[in-house]
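Here are my notes on this model, as numbered points. Please keep the structure open while reading them.

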Amino acid sequence: MKEIVIISGKGGTGKTSLTAAFATLAAKRGKAVFADCDVDAADLHLVFAPEIRERHEFISGHVARVDPKKCLSSGEDGSCSKCIELCRFGAIKHSYKTGCEVDEGSCEGCGVCVKFCPTSGIDFIDRRCGEWYVSDTRFGTLVHAALDTRAENSGKLVTTVRKEAKRVAEGQGADLIIVDGSPGTGCPVIASITGADAVVIVTEPTMSGQHDLERVASLARHFAIPFSVIVNKADINQTMADATESWCARNGVPFLGMIPYDRAVTKAQIEGKSVIEHQIKCGVDKTGNRDVSQLIAKAWDLLC
Amino acid sequence: MKIAISSSGSTLEDTIDLRFGRAAMFIIYDLDHENFTSVDNEQNLNAAQGAGIQAAQHVVNSGCQALITGHTGPKAFKVLEAAKIPVYLASGGSVREAIAAFRNGSLKAISEADVEGHWV
Amino acid sequence: MRIAVASGKGGTGKTTIAVSLALSAPGNVQLLDCDVEEPNAGIFLAQRDTSESPITVPVPVIDETKCVACGECASFCEFNAIVHIGTTVMVFPELCHSCGGCALVCPSKAIHEEPSAIGMLTTSEVPRYGLPPLDFYQGLLTIGKAMSPPVIRAVKDRAIKDHAVKDSADCFTIIDAPPGTSCPMGTAVTGADYVILVTEPTPFGLHDLDLAVKTVRKMGIPFGVIINRSDSGDDRVVDYCARESIRILMQIPEDRRVARGYSEGKPLVMSAPEYRKKFTALAELLVGEHQ
């Protein structure tokens with residue numbers, strides 16, 4: 001069983017669109033399971049059109065909540081501000097009417113205020129951070145999630161999604177797991193790639209793209225995970241796209257190809273299809289251009 | 001002497017859980033008295049981070065003098081090393097089989113973490 | 001006035017908009033690049049007088065001579081950053097959230113905190129044509145380090161401190177926020193007087209815009225929307241904004257000039273100079289309403 005994770009470094013390079021295209025190709029070839037680990041603003045489901053079979057709440061860490069009946073700082077005689085003094089995250093505000101109140105979005109869940117409140121008036125409750133789902137789709141089973149707004153994105157939800165995808169894949173005898181990873185270089189990306197068999201970095205031919213590619217590539221090296229690169233929207237600046245290819249050659253990074261900018265990608269997204277499905281439907285379409293699908297298919301063959 | 005084994009279930013017939021930090025359970029086996037207890041690792045499955053460290057701490061607190069598991073990451077390994085608890089790697093099979101292999105010396109002890117850390 | 005430029009979806013044009021606004025707004029302007037995992041604003045700016053300083057967070061250090069190995073610190077820590085093993089205590093600074101709790105609970109005062117570097121703060125000045133120079137601040141999270149919020153907070157704190165020291169004149173602060181709606185975005189946006197949400201007219205763009213709208217509404221901060229590449233998709237975002245009574249501040253059609261310029265590190269207001277006055281007008285509008 002092989003696990004392939006698609007990441008980008010920079011947002012908006014086309015990671016999710018490409019994942020959907022790979023999913024189309026993978027589903028033709030054999031049994032595959034899919035995971036959307038871009039849990040902060042997840043979009044893969046907009047193409048996959050999942051029918052949710054299982055829904056699970058995601059609980060992680062704790063959050064502090066002041067019991068107003070026990071708070072000493074409400075009312076005109078209110079004077080205690082111990083929790084506010086101790087909180088390093090600026091998460092506690094005060095009003096004479098209601099006393100101290102925790103802004104749950106800013107609360108780090110460290111427990112300091114809970115421990116030191118003189119009346120033990122602060123509760124430490126399980127924090128619900130989001131939900132994750134196991135769904136049926138036309139490509140195969142999809143494990144995906146939605147993080148609540150301002151929730152901590154430690155990577156734990158990402159790990160949960162990946163773990164479930166593996167479990168489902170084992171149960172189905174699938175030989176491939178394709179993961180739509182997160183942008184950036186922090187916890188969620190790290191949690192997306194550790195232990196993966198292969199990572200694909202989707203980049204764009206811009207200075208920002210190259211800058212972010214190098215950072216996320218060094219992250220993959222830091223965790224000793226093999227990775228390859230594909231340049232999307234390559235004809236926006238062919239010179240830079242070529243420079244990226246050279247960078248890959250110089251650094252011993254497998255290069256999967258270049259995909260031109262094509263409105264078909266957006267059209268496909270609007271139809272709720274992958275670009276491959278969309279172009280198959282259109283046949284020889286109005287622009288007479290089927291390049292995008294062929295190039296993606298070529299990249300997929302190189303990858304597998 | 002007591003040893004800890006990461007397990008997928010609470011009996012000796014269950015397969016060994018190859019993960020350490022996020023193992024389902026731990027079996028604490030007393031080699032001298034030939035009895036054992038099982039410890040649920042559920043709270044670790046809920047840890048946002050540092051599950052390996054927490055699991056290592058539990059192994060230390062349990063008084064075990066050796067651990068049998070599939071893999072450990074660098075932080076967990078650091079804790080076990082500081083507590084002078086050797087880690088033996090098994091590649092599968094039941095808990096009972098792992099104990100037998102340990103007894104006849106056919107399990108290998110590792111001198112450093114065998115997998116990269118996870119951050120989660 | 002502090003304005004955050006955020007999105008939801010990555011790659012919609014946050015940095016493009018933030019930089020455009022920073023180069024066009026009149027008066028004293030600060031631009032803070034708080035997308036600390038992948039900061040890109042600096043690519044588009046001609047920086048001078050650059051200086052760097054490490055960003056650190058406090059992590060516990062155990063004084064072995066005072067430690068009685070009671071394990072209080074380890075059992076208090078919510079993040080498994082401290083382990084108690086027999087007679088020793090071990091710290092994993094990479095897991096520490098710097099809450100200070102361990103030092104507080106230690107009965108023998110054996111824990112003090114020391115700075116641990118997790119990123120880099122870069123400050124510089126950017127000359128602007130016909131306007132006072134821009135003060136630029138960038139936070140960069142060191143590769144392999146996991147937590148952005150402390151780096152983001154350090155950037156914001158420094159900019160506030162500098163403004164307090166510099167002069168009492170009003171300052172227009174623009175924050176280039178990270179994408180998404182989880183804690184890094186929240187940390188960057190918190191305390192802003194207004195948020196500009198940048199989106200694109202596609203299904204992914206709309207889906208993530210809606211998440212960002214919910215987040216910003218929950219934070220109680222007024223906001224407006226800029227639709228970038230406004231002719232590249234369909235009308236769903238415009239319709240959504242109408243339904244939700246959200247003001248559309250600007251629509252920027254797709255433009256190969258701009259895309260090409262962007263790829264080379266050229267700001268939008270240089271590739272398409274006709275936009276400069278639009279961004280100046282936008283800055284003046286938002287400041288005017290704020291007062």
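1. Start with helix α1 of chain A, residues 15-29. This is a predicted model. The helix has 15 residues. From its first C-alpha to its last, α1(A) reaches 21 Å. That is close to the 21 Å expected at 1.5 Å a residue.

2. Is α1(A) mostly covered or mostly uncovered? Mostly covered: 12 of the 15 residues of α1(A) are buried. The buried residues begin with K15(A), T16(A), S17(A), L18(A), T19(A) and A20(A) in the list. The list goes on with A21(A), F22(A), A23(A), T24(A), L25(A) and A26(A).

3. Now look at two other helices of chain A. Helix α10 covers residues 275-282, and helix α11 covers residues 291-303. Two packed helices are described by the angle between their axes and the distance between the axes. Here the angle is about 135°, and the axes lie 9 Å apart. Angles over 145 degrees count as roughly antiparallel, and 65 to 115 as roughly perpendicular. The pair α10(A) and α11(A) is therefore oblique. The crossing of α10(A) past α11(A) is left-handed.

4. Which residues meet where these helices pack? From α10(A) come V275(A), I276(A) and Q279(A). From α11(A) come V292(A), S293(A) and I296(A). By class, the residues of this contact are four nonpolar, two polar and no charged.

5. Turn to chain C. Chain C holds 10 helices and 11 strands. Its C-alpha trace spans about 70 × 40 × 35 Å along the principal axes. Chain C has 291 residues, and 53% of them are buried. Consider contacts in chain C between residues at least 6 apart in sequence. Of these, 73% join residues at least 24 apart.

6. Chain C also touches chain A. How many residues does each chain give to the contact? Chain C gives 48 residues and chain A gives 50 residues. Four helices of chain C each supply at least two residues of the side that touches chain A: α3 (101-105), α5 (183-189), α6 (203-219) and α8 (256-263). The largest share of that side comes from α6(C), with eight residues.

7. Last, the make-up of the side of chain C that touches chain A. It has 15 nonpolar, 23 polar and 10 charged residues. Set this beside the contact of α10(A) with α11(A), where no charged residues take part.

How values were computed: Residues numbered from 1 in each chain as written. Chains lettered and ligands numbered in written order. Predicted model: local features only at pLDDT ≥ 70, side-chain atom pairs only at ≥ 80, totals over all residues. Axes fitted to C-alpha atoms, helices over the stretch in contact; angles between N-to-C directions. Parallel < 35°, antiparallel > 145°, perpendicular 65-115°, else oblique. Left-handed = near helix turned anticlockwise from the far one by under 90°. Contact = placed C-beta atoms within 7 Å. Nonpolar A, V, L, I, M, F, W, Y, C, P; charged D, E, K, R; others polar. Expected span 1.5 Å × (residues − 1). Buried ≥ 20, exposed ≤ 12 C-beta atoms within 10 Å, placed from the backbone.
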